[in-house]
Amino acid sequence: MSAADTGLRLRYHELKRALFDKYYSDLNERQREAVTTVNGPLLVLAGAGSGKTTVLVRRIVHIIKYGDAYNSDFVPPGVDEAALLRYRYALETMTPQEIGELVLPDFRVDACRPYQMLAITFTNKAAGEIKSRLAAALEGTDIEGGASEIWAGTFHSICMRILRRWGDLVGYERGFTVYDTDDTKRLISDCMKDLKIEEKALPVKTVMNVISRAKDRLLSPEQYEATAGGDYRGAKIAEIYKMYADRLMASNALDFDDIIMKTVELLSTHDEVRELYNRQFRYVSVDEYQDTNHAQFRLTSLLTGEHNNLMVVGDDDQSIYKFRGATIENILSFDREYDDVTVIKLEQNYRSTSTILGAANAIIAHNRGRHEKSLWCAGGEGAKIVLRELDNQNDEGKYIADKIEALVSGGSSQYRDFAVLYRMNAQSAPIEGAFAKAGMPYRMLGGMRFYDRKEIRDAVAYLSVIANPNDSVRLKRIINEPKRKIGATAVAAAEEIAAVEGCSLYDVLKDARRHMALSRAAASIEGFVQLIETLREFSAASSVAELIDRTLELSGYREMIAAGGETELDRLENLDQLIANAVEYAEDNEDASLTGFLEDVALVSEVDRYDETADAVVMMTIHSAKGLEFNTVFLPGMEEGVFPGQQSSFSPEELEEERRLAYVAVTRAKERVFITRTHNRMMYGQTRYNPPSRFISEIPPECVIDETPEAPRRAPETFGESAKRQRVPEPVYKNGAGVRVEVKKEAPPAEVFAPGTIVRHRTFGRGEVISVTKMGQDYMYEIIFDDVGTKKLMATYAKLTKES
DNA sequence: ATGGGGCTGCTTTTT
DNA sequence: GCAGCCCCAT
């Protein structure tokens, strides 16, 4: 190679990189490095708000569009001085967009097809976010297939996709069922009864947890038994685990942990399947890597294969799921696990003010055993974090409601700028009450999920049995719901027969007349089997929505609820909502099927439906807020015993996890944080005094301002007494002249609207009154609003007007 | 077989 | 304080 040639090559690469750098000028240097580092293992340690999703998405797009162009030393044959001149001209005159479209494709080396990219996340919400950002980035380009061909999804959805295709290789028949936590609990509970193990001695929750942890570690029942050693408790659990696993198999069902574990089993025992995916997925990315457990680590490495083109993104400071098996080791030892790892730290925060980051940094600095990281930002100081102590939870709720109302009526904010994040769901009630009283629009996540409602679970159980009659757990759920005279004795007898004959419960039911033990219930059982068979036939040629409707009709389920009268009205509505969901599912999926719908139901959660566009204050646990951001965040219940929680104060490890949770909480806020605590808190039916949370004192004083008015505080010795007289005295305020003035309670409204009346609310708009309940002096309305759905409002505060 | 009344025990949660 | 479970009475 001549010297001139070498010079040309050097200048070519220099120009190429300069063009890429200009194209990515909206990224910071670290981010750019992450996006353009394409081959080999890559660990991105991304602090809160440092744009990690942006990096993940842009890197995938980069690989699809340009491949390894940035780092490759390949020079196309035709490059000459004239070409370099054109590139220099482009660099000086073109916008970044123009460069991306017109120039950079010249440099493409080894670019990938969309279906060769695998991106794994933890939540559906994160997966949805990545998918939509990818779609936006590839829109209007000539990339064949586009974003929809990229394999982006949760660990579970990716594994399901693989298992639906290859499940028979690890023992599952087509149409297998996914058991959720409730099904799992029932099944384990059944096993324990059959093994005559007292639930008092060994709580089901514990057993569930131990089995789940064993599955995280990829231990079969036999392997688990070996680790349990001579431990009596461990031996019992091993017995239960064995029976549980057998019954899951017999029901042609998997639990959530199996979805990962069985995929790992499939890929490690079937080389041809693994090689197929290794050839397909040339690049693998994993989000929230700090939350992966051992099974997910194995899965990732099996899917990645030999090429090691694996990017993991995470933040050890945001690891808050240790309690369910996540092991921080995965991220801490990533560079030991793989050779030649590129490590990139993203520490520039684009979300919060320096005050908020100062507080967050100071809190998390109290933890040991972490990658040293410190967030910084280019933005200003912003407002100080406000501290406030209130007397009790009702006052706390009212304080939050008042603050929000004041800031909204000030005109600078909307309701959707505010979030209330709490440690546990039990804290939500008084806050919700305060919002309802103030007539403030709010949405609450968590608590009772839609698919956890009894009527929905029952309907889904019918569908599961129609799709998979071997699903005994769900069969038992609905065999006598509505009541059809097939009681526990009959079911137990049938199960006994099934165990002896080695067939499924449903097989026994089909031949009920043959068995003496079932003679009494035989007629009812035949009716039930007939019902299921009719519905099975019907399902072959109908949509899921039609099937649900027909099922509710023929089973008498709808009739049963309707007989319950007005109070059951919302349950009927929920069932209608389920049908609506099925219609929506059919619209979204070309290959809609009953099993597909059931899979959706099993894997989709409520947080996924959180709609950021509606103008309402949002309430949720800190855990579910991870990955989200809000202008202003309220953190109620910052007290020892609540946050950090009671039992974590004993273990330094759990305390660190609580502290990471506090870090997550504070870093959700862009501009303002309000931290509140109460003097008296009702917990578990007892009033307690909790000292302020240690996390408050870990925040540097210059970041906070305490707005608690200097008031004579109740002496601690009166505490026992104050617990008894919990009733809050009537509010008494002083007017300017120092005269005490009693604030009058607002009089109940003169007019009470009857159900059926069309009314208008200041914020919620038009709606119809469904029910009116007298509550003390006041009335509570339940109203379906055209825009925001059903709300419960107090008559005094709702200020409703009749709509003509 | 079913429904009501007393007892316990309690984070966080995605899938 | 409340929900979910077990037992007992019908």
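Reader: Hi! What share of the DNA strand C atoms within 4 Å of the protein belong to sugar or phosphate?
Author: Hello! In this predicted model, 40% of those strand C atoms belong to sugar or phosphate, and the rest belong to bases.

Reader: Nice. Which residues surround DNA strand C?
Author: Strand C is surrounded by Lys185, Met682, Tyr684 and Gly685. Sorted by class, the residues of that surface are two nonpolar, one polar and one charged.

Reader: And what does Tyr684 do there, with a base oxygen of strand C?
Author: A polar backbone atom of Tyr684 is 3.3 Å from a base oxygen of DNA strand C.

Reader: OK, new topic: helices. How do people describe two packed helices?
Author: By two values: the angle between their axes and the distance between those axes.

Reader: Let's try that on α7 and α12, then. What angle do they pack at?
Author: Helix α7 (residues 155-166) packs against helix α12 (residues 256-269) at about 55°, and their axes are 9 Å apart. The two are therefore oblique to each other.

Reader: Is their crossing left-handed or right-handed?
Author: The crossing of α7 and α12 is left-handed.

Reader: Which residues meet there?
Author: From α7 come Phe155, His156, Cys159, Met160, Ile162, Leu163 and Trp166. They meet Phe256, Ile259, Ile260, Lys262, Thr263 and Leu266 of α12. By class, this contact has ten nonpolar, two polar and one charged residues.

Reader: What about α18 and α19, how far apart are their axes?
Author: Those axes are 8 Å apart, and the angle is about 45° between α18 (residues 393-409) and α19 (residues 428-438). That angle makes α18 oblique to α19.

Reader: Which hand is the crossing of α18 and α19, and who makes the contact?
Author: The crossing of α18 and α19 is right-handed. On the α18 side, the contact is made by Gln393, Asn394, Gly397, Lys398, Ile400, Ala401, Ile404 and Glu405. On the α19 side, the residues are Pro430, Ile431, Ala434, Phe435 and Ala438. The contact of α18 with α19 divides into eight nonpolar, three polar and two charged residues.

Reader: One more pair, please! How do α20 and α27 pack?
Author: Helix α20 (residues 454-467) and helix α27 (residues 569-588) pack at about 45°, with axes 9 Å apart. This makes α20 oblique to α27. The way α20 passes α27 is a right-handed crossing.

Reader: What residues are in the contact of α20 with α27?
Author: Lys454, Glu455, Ile456 and Ala459 come from α20, while α27 brings Arg571, Asn574, Leu575 and Leu578. By class, the contact of α20 with α27 has four nonpolar, one polar and three charged residues.

Reader: Switching to the backbone: what is usual for phi and peptide bonds?
Author: Most residues other than glycine have a negative phi, and most peptide bonds are trans.

Reader: So is the bond from Glu481 to Pro482 cis or trans?
Author: The Glu481 to Pro482 bond is cis, with omega near 0°. Pro482 is in the loop between α21 (472-478) and α22 (488-501).

Reader: And the one from Phe643 to Pro644, what is its omega?
Author: Omega is near 5° for the bond from Phe643 to Pro644, and that bond is cis. Pro644 lies in the loop between β13 (630-635) and α30 (652-666).

Reader: Last one: is phi of Lys196 positive or negative, and where does Lys196 sit?
Author: Lys196 is a residue other than glycine with a positive phi, near 55°. You can find Lys196 in the loop between α8 (181-194) and α9 (204-216).

Technical notes: Residues are numbered from 1 along each chain as its sequence is written. Chains are lettered from A and ligands numbered from 1 in the order in which they are written. This is a predicted model: local features need pLDDT of at least 70, side-chain atom pairs count only at pLDDT 80 or more; totals for chains, interfaces and linings use all residues. Side-chain values use heavy atoms; hydrogens and water are left out. A residue is near a molecule or strand if one of its heavy atoms lies within 4 Å of it. A polar contact is a pair of N or O atoms within 3.5 Å; within protein, one must be able to donate a hydrogen and the other to accept it, and residues adjacent in sequence count only if both atoms are side-chain atoms. Ala, Val, Leu, Ile, Met, Phe, Trp, Tyr, Cys and Pro count as nonpolar, Asp, Glu, Lys and Arg as charged, and the others, Gly among them, as polar. Axes are lines fitted to C-alpha atoms, for helices over the stretch in contact, and angles run from 0 to 180 degrees between N-to-C directions. Helices (H or I, at least four residues) and strands (E, at least two) are DSSP runs, numbered from the N terminus. Angles under 35 degrees count as roughly parallel, over 145 as roughly antiparallel, 65 to 115 as roughly perpendicular and the rest as oblique. A crossing is left-handed if the near helix is turned anticlockwise from the far one by less than a right angle, and right-handed if clockwise. Contact means heavy atoms within 4.5 Å.
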